[in-house]
Structure formats: structure tokens, C-alpha cells
Amino acid sequence: MIKIEGNLNASGKRFAIVASRWNEFFCDQLVKGAQSALIRHGASEESITLFRCPGAFEIPQVARRIASTKKFDGVICLGVLIRGATPHFDYISSETTKGIGNATKDFDIPFGYGVITVDNLDQAIERSGSKAGNKGEEAALTVLEMCSLLEKIDGLI
Ligand code: DLZ
């Protein structure tokens with residue numbers, strides 16, 4: 001059996017991080033996690049650009065516009081949605097997730113899904129760098145692996 005999988009080499013690649021400002025404290029932790037993962041795997045500071053948008057709902061539009069420039073090898077989408085008392089959370093979570101998913105289908109580069117959708121502050125703490133890891137870091141590592149895997153698939157053609 002021939003097995004093809006991606007590796008985690010960020011050297012020579014350019015990355016965009018799109019992060020929303022809502023729940024900024026937690027979002028900043030996700031950004032730090034993503035940035036540190038990229039640097040640890042060979043990215044230079046200058047190869048990473050952070051785009052800040054208002055809320056999670058806006059992330060897909062920004063991510064798509066970034067992808068259209070063709071200046072980046074991958075886009076890491078980071079946001080923090082915390083459930084409130086109304087159904088608003090469900091509408092925004094759903095649109096954000098669908099939007100990032102659609103971007104993945106419509107563009108040739110990987111998009112990392114590092115938007116956390118949580119019920120309360122404890123869950124946000126857990127997922128932005130403590131008990132449940134750092135979802136920003138995970139999204140960045142996924143983008144790295146996918147960049148490499150897609151390159152390898154292209155190399156088969
Ligand atoms: C409106 C809103 C609410 C209620 N909650 C969040 C949230 O938890 N996280 C987040 O990133 N954004 C939230 N927003 C803002 C929306 O994402 C969006 O920015 C506004 O509805 C304006 O389009």
C-alpha cells in the first residue's frame with residue numbers, strides 16, 4: 001500500500017491568521033497558540049499576518065478575501081463564541097462554520113477551523129490553552145499538514 005500524508009514544515013510558506021475581537025482575551029490565546037505552532041515548525045515572524053475582524057460571523061468573508069489574493073498558503077480562522085441567553089449563538093456558530101467550510105470548497109488552500117463554540121467561560125478557558133489544549137494551535141497544525149498533503153497530491157499529477 002502506498003501511504004501519503006502531510007508533514008509539518010512551515011518553512012518558506014506564508015500564513016494568514018483571521019481572528020475576531022469578540023471575547024478578545026480568549027481569542028488572543030488562540031492567536032498565540034497558532035503563532036507559536038507555526039514558528040516552532042519553521043515559519044518566520046514575517047511570514048505570518050494577523051487580520052482582526054469584529055466577530056466570528058465576519059471571519060468567513062475575511063478569510064475568503066484573503067484567499068482571493070493568492071498571497072497565502074493557508075488561512076487559520078480563530079474565534080470564540082460563547083453561548084448566551086438567546087438563540088443568537090446558534091445562528092452565528094452555524095453561519096461561521098458553514099462559511100469556513102464553503103471557503104474550503106471554493107479555494108485551493110487549506111483553512112484551519114479554530115473557532116471555539118462553548119457554553120460558558122470555563123469551557124473557553126479549557127480550550128484556549130489549558131485542560132483541553134489550545135484550539136488555535138491545533139488549527140495551525142492542521143493547516144500545516146494540509147498544505148503539505150495538498151502539495152504531495154499535486155505532485156502526483
Ligand atoms: C452578536 C454576537 C454575539 C451575541 N456573540 C458573539 C460571540 O460570542 N462571539 C463572536 O465572535 N461574536 C459574537 N457576536 C458578534 C457577531 O459575530 C457579529 O460580529 C455581529 O453580529 C455583527 O455582524
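Here are legends for four close-up views of this predicted model.

**View 1. Helices α2 and α3 packed against each other.** Two packed helices are described by the angle between their axes and the distance between the axes. Here, the axes of α2 (residues 59-68) and α3 (residues 88-106) come within 8 Å and cross at roughly 15°. Angles under 35 degrees count as roughly parallel, so α2 runs roughly parallel to α3. As for handedness, α2 goes past α3 in a right-handed crossing. On the α2 side, I59, P60 and R64 make the contact. From α3 come E95, T96, G99, I100, N102, A103 and D106. Sort the α2–α3 contact by class and you get four nonpolar, three polar and three charged residues.

**View 2. V115 and its surroundings in strand β4.** Look along β4 (residues 111-118) and you'll find V115. Its relative accessible area is 7%, and the cut-off for buried is under 20%, so V115 counts as buried. What does V115 touch, once neighbours within four places in sequence are set aside? The list is I59, C77, L78, G79, L81, T96 and I100. Some of these turn up in View 1 too: I59 of α2, plus T96 and I100 of α3, take part in the helix contact. Also worth a look is S93, which sits 22 residues from V115 in sequence, with 8.6 Å between the two C-alpha atoms.

**View 3. N134 in the short run of residues 133-134, strand β6.** Is N134 buried or exposed? It's buried, at 11% relative accessibility. A polar atom of the N134 side chain lies 2.8 Å from the backbone nitrogen of G136. Leaving out neighbours within four places in sequence, N134 is in contact with Q29, L30 and G33, and also with R127, S128 and G129.

**View 4. M146 in helix α5, with G6 alongside for the distance.** M146 belongs to α5, which covers residues 135-156. With a relative accessible area of 32%, M146 is partly exposed. How far apart are M146 and G6 in sequence and in space? They're 140 residues apart along the chain, yet their C-alpha atoms are 6.2 Å apart.

Note on methods: Residues are numbered from 1 along each chain as its sequence is written. This is a predicted model: local features need pLDDT of at least 70, side-chain atom pairs count only at pLDDT 80 or more; totals for chains, interfaces and linings use all residues. Side-chain values use heavy atoms; hydrogens and water are left out. Axes are lines fitted to C-alpha atoms, for helices over the stretch in contact, and angles run from 0 to 180 degrees between N-to-C directions. Helices (H or I, at least four residues) and strands (E, at least two) are DSSP runs, numbered from the N terminus. Angles under 35 degrees count as roughly parallel, over 145 as roughly antiparallel, 65 to 115 as roughly perpendicular and the rest as oblique. A crossing is left-handed if the near helix is turned anticlockwise from the far one by less than a right angle, and right-handed if clockwise. Contact means heavy atoms within 4.5 Å. Ala, Val, Leu, Ile, Met, Phe, Trp, Tyr, Cys and Pro count as nonpolar, Asp, Glu, Lys and Arg as charged, and the others, Gly among them, as polar. Buried means under 20% relative accessible area, exposed over 50%, partly exposed in between (1.4 Å probe, protein chains only). A polar contact is a pair of N or O atoms within 3.5 Å; within protein, one must be able to donate a hydrogen and the other to accept it, and residues adjacent in sequence count only if both atoms are side-chain atoms.
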